[in-house]
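User: Can you walk me through what's going on inside this protein? I'm new to reading structures.

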Amino acid sequence: MDPLSALRDYTIRGELEKIVRVNDEFRFDSDYSFPCHAETAYRSKQGNLYTLETLLYYVTNHHIKHTDYIQSARTQGIPSVTFPDRKPLLDYLTGKISSSDSIEFLLPPQNDAVHPKLPNLDPNVNSGINNDSNDYATTDSRVFSQIETPVDYMSLICSGERPLKDREGLLECKGRNFYGVLTSATKREEERQRIESQQRKDGLVAKSRLMGSDERGLTGFGDESGYDPNPKPKLHLKGGKIGEGVPIILVPSAFQTLITIYNVKEFLEDGVYIPTDVKVKQMKGAKPDCVTVQKKFSRDRDRVVTAYEVRDKPSALKAEDWDRVVAVFVLGKEWQFKDWPFKDHVEIFNKIVGFFMRFEDDSVESAKIVKQWNVKIISISKNKRHQDRAAALEVWDRLEEFVRSRSHS
């Protein structure tokens with residue numbers, strides 16, 4: 001009997017517990033014994049033949065959810081039954097249906113067929129068969145019974161094979177790690193950003209975007225190249241104009257805040273919040289001193305400034321650099337503003353627009369101090385990442401509104 005028929009027989013009789021694994025074989029009580037990796041005659045809709053090990057593990061675990069079953073099979077290192085094959089396979093094994101198009105019992109070849117060895121029927125040759133007529137009749141009946149029953153030689157051949165890898169095993173790529181590919185891609189992207197940032201500092205990009213007239217100020221720009229044939233007038237803030245160069249956004253260096261120099265680029269450019277600890281693991285390198293962000297999405301088609309430098313070390317800023325600071329993400333702690341060149345919080349948030357990021361289900365106490373300051377509180381969900389884009393737009397809208405409000409000062 002072939003492995004599939006034996007498994008079906010035991011399943012219908014409710015005797016699956018009598019199938020015991022001994023080393024690399026499954027023993028069906030004292031009736032049969034097959035290799036664990038023997039291919040059965042049941043072919044998957046994906047084209048491969050299921051092994052006895054796969055079918056036995058499925059039929060004993062068919063009652064659990066498919067996702068849980070796949071996870072369990074993967075843990076055991078056993079190829080799983082695909083979802084489209086589950087019901088028809090179970091119906092066949094439990095006897096609800098008698099046959100299936102997926103079953104391919106192969107007949108032995110017609111030419112050069114290998115048949116069971118027949119005893120020599122020549123009475124002149126000692127064949128080992130007693131001359132007793134009853135014994136001879138019994139032997140003769142057994143021989144012809146074997147001839148009439150088709151032998152699945154392909155299953156017999158496959159039962160001796162040991163598959164090294166199946167399709168799913170190859171896709172899992174055990175022992176191989178593609179993290180190096182991600183690291184290399186990340187490094188190339190960071191290098192590209194660094195070069196682009198340096199170009200802005202040298203005036204190759206930033207100057208064309210930010211120069212509005214002979215006297216430099218903050219202005220909008222037209223196309224993606226940064227060239228604006230009709231530059232707008234410079235914009236001024238109370239207490240002085242924005243300094244020459246790329247505007248600066250300050251973020252806290254502390255990890256307990258939601259927005260840091262590690263994840264600010266994804267949040268402001270792509271509208272996606274990624275936790276700082278996740279970004280740190282992805283970068284696998286030194287923390288950048290400066291990150292350049294650009295506005296890549298908007299609710300309207302207004303021309304706006306999209307090039308900003310993000311820094312997290314206020315102590316490293318020179319006096320002329322403070323003239324370029326236009327926004328700050330606050331931590332909610334007084335010590336964040338220590339040694340800042342401003343008199344108090346009123347002056348800070350009069351010259352710089354402030355933002356405070358929080359999770360929407362955080363306690364009110366977390367923003368108690370911040371509510372006393374003139375800052376914009378931005379709330380995001382801990383789990384609903386599709387809502388991050390709206391939060392990022394709130395930041396951009398408030399920043400642009402802040403800049404526009406100073407244009408008439």
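**Sheet and core**

User: Which residue is the bridge partner of Ile 249 in strand 11?

Analyst: Quick heads-up: this is a predicted model. Strand 8 covers residues 248–250, so Ile 249 falls inside that strand. Strand 8 and strand 11 run parallel and are joined by three bridges. In strand 11, the partner of Ile 249 is Ala 327.

User: What are the edge strands of the open sheet?

Analyst: Six strands make up this sheet, with mixed pairing, in the order 9-10-8-11-12-13. From one strand to the next, the twist averages 25 degrees. An edge strand pairs on one side only, and that picks out strand 9 and strand 13.

User: Which element gives the largest share of the largest nonpolar core?

Analyst: That core has 31 residues, and Phe 267 and Leu 399 have the most contacts inside it. Elements giving it two or more residues include helix 10 (264–270), strand 11 (325–329) and helix 14 (388–406). The largest share is seven residues, and it comes from helix 14.

User: Which residues is Leu 399 in contact with, leaving aside its neighbours within four places in sequence?

Analyst: Contact here means heavy atoms within 4.5 Å. Two names from the bridge between strands 8 and 11, Ile 249 and Ala 327, turn up again among the contacts of Leu 399. The full list is Ile 249, Tyr 308, Val 326, Ala 327, Val 353 and Phe 355.

User: How many residues are in the other core, the one with Leu 56 and Val 59?

Analyst: This core lies apart from the one around Leu 399. Its members also include Tyr 92 and Ile 103. The count for this core is 28 residues.

Key: Residues are numbered from 1 along each chain as its sequence is written. This is a predicted model: local features need pLDDT of at least 70, side-chain atom pairs count only at pLDDT 80 or more; totals for chains, interfaces and linings use all residues. Side-chain values use heavy atoms; hydrogens and water are left out. A nonpolar core is a set of buried Ala, Val, Leu, Ile, Met, Phe, Trp, Tyr and Cys residues joined through side-chain atoms within 4.5 Å. Buried means under 20% relative accessible area, exposed over 50%, partly exposed in between (1.4 Å probe, protein chains only). Helices (H or I, at least four residues) and strands (E, at least two) are DSSP runs, numbered from the N terminus. Two strands pair if DSSP finds at least two bridges between them. Axes are lines fitted to C-alpha atoms, for helices over the stretch in contact, and angles run from 0 to 180 degrees between N-to-C directions.
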